[in-house]
Amino acid sequence: MKPGGHFIIGTHVGDEDAVRTEAYGGVPVRWTTHKWRPEQLVNLIEQAGLNPVAELRLPPTGYSGPGLVVMAKRPG
């Protein structure tokens, strides 16, 4: 990422990863949804040398748990 560039990431919030074997409509799949605590993710972003500039916490919905979006900037 070039100096002054922005980074944005969205993820699920939680303490345990979720292994899925069925997608919407009953389609068989195999994937893992990795969940993060907001402070863990922000800490990793800072360790990478980026400065968090915005954080959006999304409430759970009928089909998904809470979410998190973080935007960070690389110092220029």
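Is Val13 buried or exposed? With a relative accessible area of 15%, Val13 is buried, and one of the views below zooms in on it. Everything shown here comes from a predicted model.

**View 1. The whole chain, with 1 helix and 6 strands.**
Start with the overall layout before zooming in. Going along the sequence, you meet the elements in the pattern β-β-β-β-α-β-β. The radius of gyration is 15 Å, well over the 11 Å that the globule rule gives for 76 residues, so the chain is more spread out than a compact globule. If you want a box for it, the C-alpha atoms fill roughly 45 × 25 × 20 Å along the principal axes. Of the 76 residues, 20% count as buried. The chain exposes about 5400 Å², and carbon and sulfur atoms supply 55% of that area. As for contacts between residues at least 6 apart in sequence, 44% of them join residues at least 24 apart.

**View 2. An open sheet of 4 strands, in the order S4-S1-S6-S5.**
The pairing in this sheet is mixed. S4 and S5 are the edge strands, each pairing on one side only. Strands of a sheet pair through backbone hydrogen bonds, in either a parallel or an antiparallel sense. S5 and S6 go for the antiparallel option, over 7 bridges. To find your way along that pair, look for Glu55, which stands opposite Val70 in S6.

**View 3. Helix H1 and the strands it packs against.**
H1 spans residues 38-47, and its buried residues are Pro38, Leu41, Val42 and Ile45. These four cover an arc of only 95° around the axis, which puts them on the same side of H1. The general rule behind that sort of spacing: an α-helix has 3.6 residues a turn, so residues three or four places apart point the same way. What do the buried residues of H1 pack against? Their partners are strands S1 (6-13), S4 (35-36), S5 (51-58) and S6 (67-73). Just after H1 comes Gly49, with a positive phi of about 90°.

**View 4. Thr11 and Val13, two buried residues of strand S1.**
Thr11 lies in S1 and is buried at 16% relative accessible area. Its side chain reaches the backbone oxygen of His34 at 3.5 Å. Not counting residues up to four places away in sequence, Thr11 touches His34, Trp36, Leu41, Gly67 and Leu68. Val13 is also found in S1. Leaving aside neighbours within four places in sequence, Val13 is in contact with Lys35, Trp36, Arg37, Pro38, Pro66, Gly67 and Leu68. Trp36, Gly67 and Leu68 thus turn up in both contact lists. For a sense of scale, Val13 and Ala23 are 10 residues apart in sequence and 19 Å apart in space, C-alpha to C-alpha.

**View 5. The hairpin of S2 and S3, with 5 residues between the strands.**
Strand S2 covers residues 18-22 and pairs with S3 in the antiparallel sense over 4 bridges. Arg20 has Trp31 of S3 as its bridge partner. Between the strands, keep an eye on the glycine: Gly25 takes a positive phi near 80°.

**View 6. Thr33 in strand S3.**
S3 runs over residues 28-33. Why does Thr33 count as buried? Its relative accessibility is 14%, and the cut-off for buried is under 20%. The Thr33 side chain makes a polar contact with the side chain of Trp31, at 3.2 Å. Beyond its neighbours within four places in sequence, Thr33 is in contact with His12, Asp17, Ala18 and Arg20.

**View 7. Val69, a partly exposed residue of strand S6.**
Val69 lies in S6 and comes out as partly exposed, with a relative accessible area of 24%. Which residues does Val69 contact, leaving aside its neighbours within four places in sequence? They are Ile8, Ile9, Gly10, Ala54, Glu55, Leu56 and Leu58. Leu58 sits 11 residues from Val69 along the chain, and their C-alpha atoms are separated by 8.0 Å.

Notes: Residues are numbered from 1 along each chain as its sequence is written. This is a predicted model: local features need pLDDT of at least 70, side-chain atom pairs count only at pLDDT 80 or more; totals for chains, interfaces and linings use all residues. Side-chain values use heavy atoms; hydrogens and water are left out. Buried means under 20% relative accessible area, exposed over 50%, partly exposed in between (1.4 Å probe, protein chains only). The arc is that of the directions from the helix axis to the C-beta atoms. Contact means heavy atoms within 4.5 Å. A polar contact is a pair of N or O atoms within 3.5 Å; within protein, one must be able to donate a hydrogen and the other to accept it, and residues adjacent in sequence count only if both atoms are side-chain atoms. Two strands pair if DSSP finds at least two bridges between them. The radius of gyration is taken over C-alpha atoms; the globule rule is 2.2 Å times the number of residues to the power 0.38. Accessible areas come from the Shrake-Rupley method with a 1.4 Å probe; for residues, only the protein chains shown count as cover.
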